[in-house]
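Hi,

Here is the structure I said I would pass on. Have a look at it first, and my notes follow underneath.

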Amino acid sequence: AKRTAGFVTMATYQTSISTSAMFLTSMAGNPLAAEFAGQQGISITWGSWLAAAFLPGLVSLILVPLVIHAIYPPAIRHTPQARAAAREKLSSLGPLRREERILLVTFAALVVTWAFSGALGIDNTAAAFGALAVLLLTRVLLWEQVAREHEAWTTFIWFAVLVMMASELARLGVPKWFAAIVSAGVGDVHWAVGFLGISLAYFYSHYLFASNTAHISAMYAAFLTIAVTLGTPPLFAAFTLAFFSNLFAGLTHYSAATAPIFFASGYVSAGTWWKTGLLVSLVNIPVWLLLGGLWWKVLGL
C-alpha cells in the first residue's frame, strides 16, 4: 500500500507541474515571467501561452505517468473499489449549493475573460479583481477569509516590489550589460547551440532554489536577454524559459512551495524523489524544447 501511495504521490505531483506550465495563470511566477518578457518587447497573452503549451503539455501529461510507472511501479494495480468509493463520497455531498454555483459561473467567466483579454480589452489582473469582487458581493467569500490568506498577501506585496525592481534594472540597462558580457564570452557559437546551453543551465540551476518565483525573479530576465542577444527567436526563447520555470519544480522535494507538502506524506524517500525528478526532466525537456519548438513553428509563433 505504501508503494502504491508513493506512485500516486509522485505521479500527482509531476503531472501538476505539467499543468502549471500549460496556463499563464496556473502558477504564481508565470505572470511575472510574462511581465519580464513584455519589458523586452515580447508580448505573451493568456491565449498565446495556452496555444503554445497545449501540445507539449498534453504529451507530457501522457508520458510522465508512464515513466514514473516504469521506475516506481505501484504494488496494487487493480482498484475497482476506488470508483465506487468516489461515487459514494460525491453522492453524500448532495446537489450544488448557491455559493458553489456562483463560484462555478464566476470562475468560468474569468477563464473566458483571460482567454479573450486582448479582444475584450480587459487586463488579466483587472479581470481577477473583478471576479474577487463578485465573490465578495455575493458573500461566497467573506473579507475575513480573504484577509486570513497571509501567504497570498505576501506574494502580492513581493511581486509588486520585484516587478518595480526589474523595471528599474531594465531602465538602467543592467540586463543588456550582463548579456553583452556573456555573449562576448560565448563567441561565435550558433544561437541554437548557445540557447541549448542557456536553457539547460537555467533548468538545472533550480537545484539551488526552493521557489519557482524566486528563480524567475533572479534569472529569467537576464537569461532571456542573453538568448535574444545570441540571435534566438525572441518568442521561442521567452516561451521555453517560461515553461522551464514550471517544469524544473519536479527536480527536488524542496523545489516549489507544494513539494514539501507532498514529501511530508512520507511515502517517497528523498533519494527516490531526486532520481525520479531527474528522469522526468530528461523526458520533459525534449518534449517542451523540441516538440514544442516544432509546434510553435506550425502555429506561426
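Before anything else, keep in mind that this is a predicted model.

I'll start with the charged side chains. Arg98 pairs with Glu99 in a salt bridge, with 3.8 Å between the closest N and O atoms. Glu99 also meets the side chain of Arg97 in a salt bridge, at 3.6 Å from N to O. Arg97 in turn bridges to Glu100, where the closest N and O atoms lie 3.5 Å apart. Put together, Arg97, Arg98, Glu99 and Glu100 are linked in a network of salt bridges. The structure as a whole holds 3 salt bridges.

How exposed are these residues? Arg98 has a relative accessibility of 42%, so it counts as partly exposed, since that class lies between the 20% and 50% cut-offs. Glu100 is partly exposed too, at 31%, and Glu99 comes out as partly exposed with a relative accessible area of 28%.

Now to the inside. The largest nonpolar core has 65 residues, and Tyr202, Tyr220 and Trp288 are the ones with the most contacts inside it. Helix α13, residues 234-247, supplies the largest share of this core, with 10 residues.

If you want one residue to click on, try Tyr220. Leaving aside residues up to four places away in sequence, Tyr220 touches Ala33, Phe36 and Ala37, and also Tyr202 and His215. The rest of its contact list is Ala238, Leu241, Ala242 and Ser245. Tyr202, then, is both a contact of Tyr220 and another of the residues with the most contacts inside the core.

The other thing to look at is how α13 packs on helix α15, which covers residues 270-299. Their axes come within 11 Å and cross at roughly 150°. Angles over 145 degrees count as roughly antiparallel, so that is how α13 and α15 run relative to each other. The crossing of α13 past α15 is right-handed.

Which residues meet between the two helices? From α13 they are Phe236, Phe239, Thr240, Phe243, Phe244 and Leu247. On the α15 side they are Asn284, Ile285, Trp288, Leu289, Gly293 and Trp296. You'll recognise Trp288 from the core, where it is among the residues with the most contacts.

Cheers

Notes: Residues are numbered from 1 along each chain as its sequence is written. This is a predicted model: local features need pLDDT of at least 70, side-chain atom pairs count only at pLDDT 80 or more; totals for chains, interfaces and linings use all residues. Side-chain values use heavy atoms; hydrogens and water are left out. A salt bridge is a side-chain nitrogen of Lys or Arg within 4 Å of a carboxyl oxygen of Asp or Glu. Buried means under 20% relative accessible area, exposed over 50%, partly exposed in between (1.4 Å probe, protein chains only). A nonpolar core is a set of buried Ala, Val, Leu, Ile, Met, Phe, Trp, Tyr and Cys residues joined through side-chain atoms within 4.5 Å. Helices (H or I, at least four residues) and strands (E, at least two) are DSSP runs, numbered from the N terminus. Contact means heavy atoms within 4.5 Å. Axes are lines fitted to C-alpha atoms, for helices over the stretch in contact, and angles run from 0 to 180 degrees between N-to-C directions. Angles under 35 degrees count as roughly parallel, over 145 as roughly antiparallel, 65 to 115 as roughly perpendicular and the rest as oblique. A crossing is left-handed if the near helix is turned anticlockwise from the far one by less than a right angle, and right-handed if clockwise.
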